[in-house]
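Student: I've got a structure open and I'd like to check the labels people put on it. Can we go through them one at a time?

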2 protein chains.
Amino acid sequence: MSKEEPDTAANGADAPSWREQAVARSLDSARTRAENRVQRFLDAALELMAEGDRKDFTVQEVVERSGQSLRSFYQYFGGKHELLLGLFEESVRTTTAQLAKRIDSKGGEEPVDRLHTFVVEYYKMCQPPRKGKGREALPSPILVRFALQLLTAHPAESSRAFVPLVSLFDELLLAAIDAGAIRSDLNRQAVTGPVLQVIMFNTFSSAIVDGADDLSAQDGAEALWDVVVNGLGA
Amino acid sequence: MSKEEPDTAANGADAPSWREQAVARSLDSARTRAENRVQRFLDAALELMAEGDRKDFTVQEVVERSGQSLRSFYQYFGGKHELLLGLFEESVRTTTAQLAKRIDSKGGEEPVDRLHTFVVEYYKMCQPPRKGKGREALPSPILVRFALQLLTAHPAESSRAFVPLVSLFDELLLAAIDAGAIRSDLNRQAVTGPVLQVIMFNTFSSAIVDGADDLSAQDGAEALWDVVVNGLGA
DNA sequence: CGAATCACGAGAACTTGATTATCGTCCGTC
DNA sequence: GACGGACGATAATCAAGTTCTCGTGATTCG
């Protein structure tokens, strides 16, 4: 890759303004084609974990399912972890959008109510699907599983992926503080992580304590909210 | 050449004389011999993760280090996960004992103080080793990593392994409730998991939020305690 | 037009790590 | 002194990720 102009080839991702229009044509086709291919891999992976209670998938499976080749896969992704990261980012975006929507519709007037809705709804989304009802395509626990892998293996990347969710939470938190419902002496940065983490990985809590599973998702969520807001203290 | 006598070569580093003496000499029944072998595998694994910042080890390494054979390994362990489970159980026991000791010495008069000590000290133990000081053999973050693997892959076994820690926490919690410092309307079962989990996996919190690392272990621990006890509410 | 290039599919090959199988030896027992 | 079990050494197998090689159709460029 040494014989082309430095204008188009060097950037694959961000850098929106540039002089896109000028080279829109040639670049556009190449880019959309690439994006399309990437998306096909992502979709295939999503499909794989949606079906069955697949806890994991292999690169091979993704490749086959996507109708593309291993070669292409490694051309577009640096490795499986990049695919995971892609899935995860997308999942966080989706989840956050859905949360925002639910909060706008169900969240009450008060900022605390909106925060409450965030906690309860996010809790539910991270819960493993209860036996009985077929959910929509909500691969939430899968997301959680990946979150773990990514958080341990690639903390920096995952924190980038978490940004939308963290931002939403932070907005709600700030609003609730301004409204006087939440302590104003909090270090928001320092509090956001633990709160999101305790919700997201709530599944583990039950596993740690063994027989602590007897709450419905709704009750568990409300109980957690209670503790988060009021604390353990008398 | 790896055919030394098993008495001296197995333990190189620190001085967990453990049960070697007993075994080496008098009792040599089949059971103690077996336990000795199992223990050598465990020690070897512990050793491996103590040295370097090894995040993981292979079965081969453990086998070599322990001076035993692959065959024996699979004779005594159903697989790597059983070794992990063994390590984890032992680690929880050790950690719990150490916690109990610290609480007895540093914990104050009041039950809340003892609970406070639990939270703060356990927090520190689960923290990745700060650069600067050479710690004793406290493979805590490694423990945490394993906890994750086990919690996701073998929830039942891990909850069994957690029993000592959970019991200790529950005792302290109950005492604090009786003393009137902690809400009496709590479902202890339902609260223990989240609290332990948020302490143990605190590392993730920083990774989720990105730039939330600027607290010392002590400050982070106190901040978390504050939130746990007082909650977010105004 | 023809050659170079490229993107891509098909699939083999390589790598690491777990797990299993084979073989031979040592050691205590009968 | 033979037998059987425990054990070490080592090879074989299996799975999954990753890389490599070849071939082909399309595009480009001289």
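Student: Which residues are closest to DNA strand D, and how many surround it?

Tutor: Keep in mind that this is a predicted model. In it, 17 residues surround DNA strand D, and the closest are A:Tyr74, A:Lys80, B:Arg37, B:Arg71 and B:Ser72.

Student: What makes the pair between B:Ser72 and a phosphate oxygen of DNA strand D a polar contact?

Tutor: The cut-off is 3.5 Å between N or O atoms. An N or O atom in the side chain of B:Ser72 sits 2.3 Å from a phosphate oxygen of DNA strand D, so the pair counts as a polar contact.

Student: Why does the contact of A:Val59 with DNA strand D get that label too?

Tutor: Here a polar backbone atom of A:Val59 is 2.9 Å from a phosphate oxygen of the strand. That is within 3.5 Å, so the label fits. B:Ser69 has a polar side-chain atom 2.9 Å from a phosphate oxygen of DNA strand D.

Student: Which helix gives the most to the surface near DNA strand D?

Tutor: Helix 4 of chain B, with five residues. For DNA strand C, the largest share is also five residues, from helix 3 of chain A.

Student: Which residues come nearest to DNA strand C?

Tutor: Of the 17 around it, they are A:Arg37, A:Arg71, A:Ser72, B:Tyr74 and B:Lys80. Sugar and phosphate make up 58% of the DNA strand C atoms within 4 Å of the protein.

Student: How do you know that A:Arg37 makes a polar contact with DNA strand C?

Tutor: Same test: a side-chain N or O atom of A:Arg37 is 2.6 Å from a phosphate oxygen of that strand. The limit is 3.5 Å, so it passes. For B:Tyr74, a polar side-chain atom lies 2.9 Å from a phosphate oxygen of DNA strand C.

Student: Away from the DNA, why is B:Leu196 said to be in contact with B:Phe118?

Tutor: Contact means heavy atoms within 4.5 Å, and B:Phe118 touches B:Leu196 on that basis, so the word applies. Also touched by B:Phe118 are residues including B:Leu99, B:Ile103 and B:Phe169. B:Phe118 is among the residues with the most contacts inside the largest nonpolar core, which has 136 residues.

Student: And what do chain A and chain B bury between them?

Tutor: About 3900 Å², with 68% of it on carbon and sulfur atoms. A:Arg183, A:Ile208 and A:Leu232 supply 21% of the area that chain A buries against chain B, more than any other three residues.

Terms used:
Residues numbered from 1 in each chain as written. Chains lettered and ligands numbered in written order. Predicted model: local features only at pLDDT ≥ 70, side-chain atom pairs only at ≥ 80, totals over all residues. Heavy atoms only, no water. Near = heavy atom within 4 Å. Polar contact = N/O pair within 3.5 Å; in protein donor to acceptor, adjacent residues only side chain to side chain. Helix = DSSP H or I, 4+ residues; strand = E, 2+ residues; numbered from the N terminus. Core = buried A, V, L, I, M, F, W, Y, C linked by side-chain atoms within 4.5 Å. Buried < 20%, exposed > 50% of the residue type's maximum accessible area, 1.4 Å probe, protein only. Buried area = accessible area lost by both parts, 1.4 Å probe. Lists of a residue's contacts leave out its neighbours within four places in sequence.
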